[in-house]
Amino acid sequence: MSLIIVYSMQITSDNISDQAADAIREMIVDGTLTDGDRINEVRLAATLGVSRTPLREGLARLVAQGAVTTEPRRGFFVAPLTLTEFEQVYGIRPILDPEALRLAGIPSQESLARLEKLNRNLLSTKTPAAAIDIDNAWHMELLAGCPNKVLIGLIQQMIDRTRRYEHALFRETENLWVAGNEHDLIMTALRDNDLATACAMLKQNMESGIEPIVDWLAQRAA
C-alpha cells in the first residue's frame with residue numbers, strides 16, 4: 001500500500017523556502033519536472049504560489065543537495081536521478097553511521113526515550129517528506145553522542161545528498177514499516193548494552209533501503 005502523496009501547490013507555511021524545496025523535490029521524483037529540464041522560475045513560482053525570492057532560496061538548497069544544477073545566465077536545471085550517483089552516495093552511510101554509533105556509545109535513557117517517540121511518529125506519517133524528516137531526526141539523535149563532529153558533518157552531507165532518492169523509498173508503507181522495525185531492533189540492542197549488535201543492525205538498516213530505490217530507479221528509467 002502506498003502512502004498518500006501530498007505536496008501543497010499553494011504554500012502558506014512561514015518556512016516558505018523549505019516548503020518550496022520539498023515541493024520541487026517531490027515534483028522531480030514524481031516526474032512533473034523531468035531530468036535535464038530547465039526550470040521556468042516564473043511558472044513554477046505561480047504554480048507553488050510563492051514569490052521568486054523564496055523560490056530561489058529553495059532551489060539553492062536543492063543545488064547544494066545535488067537535485068538541481070545551475071548555469072550562469074541560463075538558470076536552474078533538474079539534475080538526473082541516476083543509479084550511479086545513488087550507489088556511490090548511498091553506499092557511504094553503512095560505513096559512516098555504525099562507526100559514529102560505536103564512538104557515541106550506549107545512549108542515555110532520556111535519549112532512548114526520544115528515539116522511541118520519534119520511531120512511533122515515523123510509523124504514523126502521511127507524506128514522504130515528513131517520513132524522511134523524522135527518520136533523519138531519529139538517526140541524528142542516535143548519533144548525538146558521537147565526539148567526532150567531522151564524521152557527523154559528513155553524515156549530514158550524505159543525508160542531504162540522498163534525500164531526493166529517499167522520497168521514492170518512503171512512498172511505500174512497506175518500506176516505512178521495515179525502517180521502523182529495524183529501528184526497534186537497534187534500540188533493543190542498546191537497551192541490552194549490546195553496542196556491537198546495535199552497530200551491526202544499524203549497518204543493516206542503512207543497507208535495506210538500497211534495493212527498493214534501485215528497483216524504483218530501474219522502473220523510472222523504463
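This note goes through a few residues of a predicted model and the contacts they make.

1. The largest nonpolar core has 61 residues. Ile24, Leu48 and Leu142 are the residues that touch the most other members. Helix H8, residues 149-169, gives the most to this core, with 8 residues.

2. Ile24 is one of those three. If residues up to four places away in sequence are not counted, Ile24 touches Leu33, Leu44, Leu48, Leu55, Leu59 and Leu62. Leu48, named above for its core contacts, is thus listed among the residues that Ile24 touches.

3. Leu142 belongs to helix H7, which covers residues 128-142. Its relative accessible area is 2%. Leu142 counts as buried because this value is under the 20% cut-off.

4. What does Leu142 touch, not counting residues up to four places away in sequence? The list is Leu101, Ala104, Leu115, Ile186, Leu190 and Leu202. Pro107 is 35 residues from Leu142 along the chain, and the C-alpha atoms of the two are separated by 7.3 Å.

5. His183 lies in helix H9, residues 173-191. Is His183 buried or exposed? His183 is buried, because its relative accessibility is 0% and buried means under 20%.

6. The side chain of His183 makes a polar contact with the side chain of His139, at 3.5 Å. His139 also appears in the list of residues in contact with His183, which leaves aside neighbours within four places in sequence. The others in that list are Asn119, Leu122, Asp135, Trp138 and Asn205.

Definitions and conventions
Residues numbered from 1 in each chain as written. Predicted model: local features only at pLDDT ≥ 70, side-chain atom pairs only at ≥ 80, totals over all residues. Heavy atoms only, no water. Helix = DSSP H or I, 4+ residues; strand = E, 2+ residues; numbered from the N terminus. Buried < 20%, exposed > 50% of the residue type's maximum accessible area, 1.4 Å probe, protein only. Contact = heavy atoms within 4.5 Å. Polar contact = N/O pair within 3.5 Å; in protein donor to acceptor, adjacent residues only side chain to side chain. Core = buried A, V, L, I, M, F, W, Y, C linked by side-chain atoms within 4.5 Å.
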